Amino acid sequence: MDKDIIRVGCGAGFSDDRIDPAQEMAERGRCDYIAFECLAERTIARESLARSKDPTKGYTPYLAERFQAVLPACIRNGIRIVTNMGAANPIGAARAVQREARALGLAEVPVAVVLGDDVTEQIRAHPELELLESGEPVESLLPRMAAANAYLGADIVRDALATGAPVVMTGRVSDPSLFLACMLHGLGWSYNDYARLAVGTIAGHLMECAAQLTGGCFADPGRKEVADMARIGFPFADVSRTGELVLGKVEGSGGRLDEMTCKEQVLYEMHDPAHYITPDCILDVTDVSFEALGANRVRVSGARARARTPTYKVVVGYHDGWIGEGEVGYAGPNALARAQLAERIVRERLAMRGFAYPEIRADYIGMSSLHGMAAGRSQPYEVRLRIAARSPDRKAAQAVGFEVRTLHVNGPAGGGGGSNALREVLGVKSLLLPRELVRTEVAVESGR
Amino acid sequence: MSTKVYDLGHARAGDKGNTSNVSVIAYDERAWNILRAQLSVERVMAAYAHIAQGPITRYELPKLRALNFVIENALGGGVTISLAQDAHGKSLSYLMLDIELPG
């Protein structure tokens, strides 16, 4: 506490991220804190579904592996861990951390758990709240609601750090807030000092996707080269009490960190650059600049922030039926025409069986599955037909894959490599909830 | 002489709900002047029209020599319910880079 410069590292950028870069960060990164961001918009929907099937589950699936990899070095080096791996079940996640700690032979590891992001009850009590996507009241979703979570801010995570527990476990917290909280705590910043909140928030925004700042999602052979991508190092931030911010990555790791990678990441998931809303502030990156200080060292300056809004953003997850899909491939002469014939057959079969779908789509992988079928596309040598449909009826969704599968024997010539899948859908919509309706708290699981 | 956005800058795509944002960052000052003058909302809408309904908003960031396009109704309803293979629209940056400009 109360150092003049602290180092905050990033240990994960999404729930299925690589694990060894975090271990490298813990062992050789000389960090004071490592924040793991493992909870995308869709992830909490998935974990809510898992919890509804098994109440001890509902936290991030790789929790055990991540903590096995980093906990010994973090405890040894005095590095505090902050993470939203708790997802839909932060208490269950805290207990899982302690199981791993015991298995590793570590002394008891208290975990400070942030609670209060689950606002299901508040949403049920306020069916008049309007959805941001449509302006309609949330009421119509309530019978199908699976979860509702508010994006909490850095203040409650800072309070959790103040307990002294080596690990802070949260559910839904805004991604940049995980990082900002470390600075509020470690540098003694005020939660009303917006010049500082701007620095911590842009640092968090840049680091929250881990390798996307250090050469991931960037390489384009012959044009934008990135060295040693199998060993990309995750980023860290050196932040001073006065608000100087310099980014770096672990010495000797792969990847690259420079003005180009920073420019791509600062605009990632950004809408109005003067108005990036987090629970902590409204960030303005319009005048941000990046200055290379040497290999893989970048100074960030010029971020500004305005006063936080009086609401929390809430994501409501709701059951939205099933998605069924099937794929089959064709190659060589007339491959596209054979795939198109296959599509017509499947659509006719589904109609014959009496199934109708609110949405059904066909993709020609190798041609139109990512950027759509624009005019003038050249024909590929190989093409893979994919048909997917959404339905409230499980049987109707399942029939899609079934009818693609039967093409092996009943369809056009030379169809191979068929596959099919069925999955349950959780939709998400968002709304704004007045702050006074949210009760946040910290509970410490002692680990005894 | 026409030129592709690909030769002038680099790009990254992100998602929030059913909205995609695609940044375009100029390699240098000359490229920035061309992108700023020619990579209009209309040109971008024409390139994305077959997959997105729009509207599209364009933001300029002169200090970064970057443009940020916010493309609404572009992701098949949003990540969790989309039927698309690339539900996040991560590949959409390269649709932007494929746009031809008069140059």
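Author: Buried area is the accessible area that two parts lose on being put together, summed over both. Keep that in mind as we look at this predicted model. Between chain A and chain B the buried area is about 4,000 Å², and carbon and sulfur atoms give 55% of that area.

Reader: What makes you say that chain A and chain B are in contact, and how many residues take part?

Author: Contact means heavy atoms within 4.5 Å. By that rule, 51 residues of chain A are in contact with 39 residues of chain B.

Reader: Why is the pair A:Glu264 and B:Arg12 called a salt bridge?

Author: The rule asks for a side-chain nitrogen of Lys or Arg within 4 Å of a carboxyl oxygen of Asp or Glu. Here the partners are a Glu and an Arg, and the N to O distance is 2.9 Å, so the pair meets the rule. Between chain A and chain B the count is three salt bridges, alongside 21 residue pairs in polar contact. Several elements of chain A each supply at least two residues to the side that touches chain B, including helix 2 (41-53), helix 9 (259-266) and strand 14 (311-331).

Reader: Which salt bridge is found between the domains of chain A, and how do you know that A:Lys53 and A:Glu424 qualify?

Author: Let me set the scene. Chain A is divided into domain 1 (5-117 + 152-309) and domain 2 (319-430). Across the interface of these two domains the rule finds one salt bridge. In the salt bridge of A:Lys53 with A:Glu424, the closest N and O atoms are 3.7 Å apart. The cut-off is 4 Å, so this pair passes. As for residue pairs in polar contact across that interface, with both at pLDDT 80 or more, the count is zero.

Reader: What else describes the meeting of domain 1 and domain 2 of chain A?

Author: The area buried between domain 1 and domain 2 of chain A is about 390 Å², and carbon and sulfur atoms give 76% of it. A:Glu41, A:Ala45 and A:Leu49 supply 84% of the area that domain 1 of chain A buries against domain 2 of chain A, more than any other three residues. The centres of the two domains, taken over C-alpha atoms, are separated by 38 Å. Five residues from domain 1 of chain A and four residues from domain 2 of chain A make up the contact.

Reader: How do you know that A:Lys3 and A:Asp32 form a salt bridge?

Author: Their closest N and O atoms are 2.6 Å apart. That is within the 4 Å allowed, so the name fits. This pair links distant parts of the chain, 29 residues apart: A:Lys3 is in the segment before strand 1 (5-12) of chain A, and A:Asp32 is in the loop between helix 1 (20-28) and strand 2 (33-36) of chain A. Over all chains, the structure holds 35 salt bridges.

Reader: Why are strand 11 and strand 18 of chain A said to stand at the edges?

Author: The open sheet of chain A has ten strands in the order 11-12-8-7-1-2-3-6-4-18, with mixed pairing. Strand 11 (289-294) and strand 18 (441-445) each have a single partner strand, so one side of each is left without a neighbour in the sheet. From one strand to the next, the twist averages 25 degrees.

Reader: What makes strand 2 and strand 3 of chain A a pair?

Author: Two strands pair if there are at least two bridges between them. Strand 2 and strand 3 (residues 80-83) of chain A have four bridges, in the parallel sense, so they pass. In this pairing A:Ile34 stands opposite A:Ile81.

Reader: How many bridges join strand 3 and strand 5 of chain B?

Author: Six bridges join strand 3 (residues 19-26) to strand 5 (residues 66-71) of chain B, and these strands run antiparallel. At least two are needed, so this is a pair as well. B:Val24 stands opposite B:Leu67 in strand 5 of chain B. These strands belong to an open sheet of four strands with the order 2-3-5-4 and antiparallel pairing.

Reader: What makes A:Ala87 stand out?

Author: A:Ala87 has a positive phi of about 45 degrees although it is not a glycine. Its place is in the loop between strand 3 and helix 4 of chain A.

Definitions and conventions
Residues numbered from 1 in each chain as written. Chains lettered and ligands numbered in written order. Predicted model: local features only at pLDDT ≥ 70, side-chain atom pairs only at ≥ 80, totals over all residues. Heavy atoms only, no water. Domains from an automatic or database assignment. Buried area = accessible area lost by both parts, 1.4 Å probe. Polar contact = N/O pair within 3.5 Å; in protein donor to acceptor, adjacent residues only side chain to side chain. Axes fitted to C-alpha atoms, helices over the stretch in contact; angles between N-to-C directions.
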